[in-house]
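Colleague: Got a minute to walk me through this one? I'd like to hear how the strands and helices fit together.

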Amino acid sequence: METELITIRDYCINYAIDPSFINELEESGLLTLTIIDGDKFIHFEQLVEMDRFIHFHYDLEINVAGIEAIVNLLQKVRHMQHEIEILRTHIHVHEGH
């Protein structure tokens with residue numbers, strides 16, 4: 001199955017985004033771009049996350065370092081929620097005995 005891509009240039013034109021913002025996201029490790037024949041591309045599966053980054057940056061005026069912090073905190077919250085579910089399951093099993 002082939003991965004669908006959109007060029008950074010097309011994405012920036014369609015969404016009125018400054019290409020330097022996308023480059024900053026890539027440099028920080030928040031976004032993974034593919035280079036083909038010298039052009040940079042975003043994978044379609046990253047577009048939902050990209051929309052969130054755009055909202056943080058352009059609507060909420062959060063810089064890339066702030067976005068990194070938010071993403072890291074959200075990952076920690078998801079991990080903790082998973083651990084809580086495991087503990088609830090473990091408690092439920094022991095309550096039955």
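Modeller: Sure, let's take the sheet and then the helix contacts, bearing in mind that this is a predicted model.

Colleague: OK, the sheet. How many strands, and in what order?

Modeller: There are 3 strands in an open sheet, ordered S1-S3-S2, with antiparallel pairing.

Colleague: Which strands stand at the edges, and why is one side of each left without a neighbour?

Modeller: The edges are S1 (5-7) and S2 (33-36); each has a single partner strand, so one side of each has no neighbour in the sheet.

Colleague: What does the twist average?

Modeller: From one strand to the next, the twist averages 40°.

Colleague: And S2 with S3, over how many bridges do they pair?

Modeller: S2 and S3, which covers residues 39-43, pair over 4 bridges in the antiparallel sense. If you want a spot to look at, Thr-34 stands opposite Phe-41 in S3.

Colleague: Which helix packs on the sheet?

Modeller: That's H1, residues 8-15, and it touches S1, S2 and S3. The direction of H1 makes about 75° with that of S1.

Colleague: Switching to helix pairs. At what angle do H2 and H4 cross?

Modeller: Roughly 50°, with the axes of H2 (residues 19-28) and H4 (residues 64-95) coming within 10 Å. Because of that angle, H2 counts as oblique to H4.

Colleague: Left-handed or right-handed?

Modeller: H2 passes H4 in a right-handed crossing.

Colleague: Which residues meet there?

Modeller: On the H2 side you have Phe-21, Glu-24, Leu-25 and Ser-28, and they meet Val-64, Ile-67 and Glu-68 in H4. By class, the residues of this H2 and H4 contact are 4 nonpolar, 1 polar and 2 charged.

Colleague: Now H3. How does its axis cross the one of H4?

Modeller: H3 is residues 47-59, and the axes of H3 and H4 cross at roughly 130°, coming within 10 Å. That angle is why H3 is called oblique to H4. The crossing of H3 past H4 is right-handed.

Colleague: Which residues make that contact?

Modeller: H3 brings Arg-52, Phe-53, Phe-56 and His-57, while H4 brings Ile-67, Ile-70, Val-71 and Leu-74.

Colleague: And how many of those are nonpolar, polar or charged?

Modeller: The contact of H3 with H4 has 6 nonpolar residues, plus 1 polar and 1 charged.

Colleague: Wait, Ile-67 sounded familiar.

Modeller: Yes, Ile-67 of H4 is listed in the contact with H2, and Ile-67 is also listed in the contact with H3.

Key:
Residues numbered from 1 in each chain as written. Predicted model: local features only at pLDDT ≥ 70, side-chain atom pairs only at ≥ 80, totals over all residues. Heavy atoms only, no water. Pairing = 2+ DSSP bridges. Helix = DSSP H or I, 4+ residues; strand = E, 2+ residues; numbered from the N terminus. Axes fitted to C-alpha atoms, helices over the stretch in contact; angles between N-to-C directions. Contact = heavy atoms within 4.5 Å. Parallel < 35°, antiparallel > 145°, perpendicular 65-115°, else oblique. Left-handed = near helix turned anticlockwise from the far one by under 90°. Nonpolar A, V, L, I, M, F, W, Y, C, P; charged D, E, K, R; others polar.
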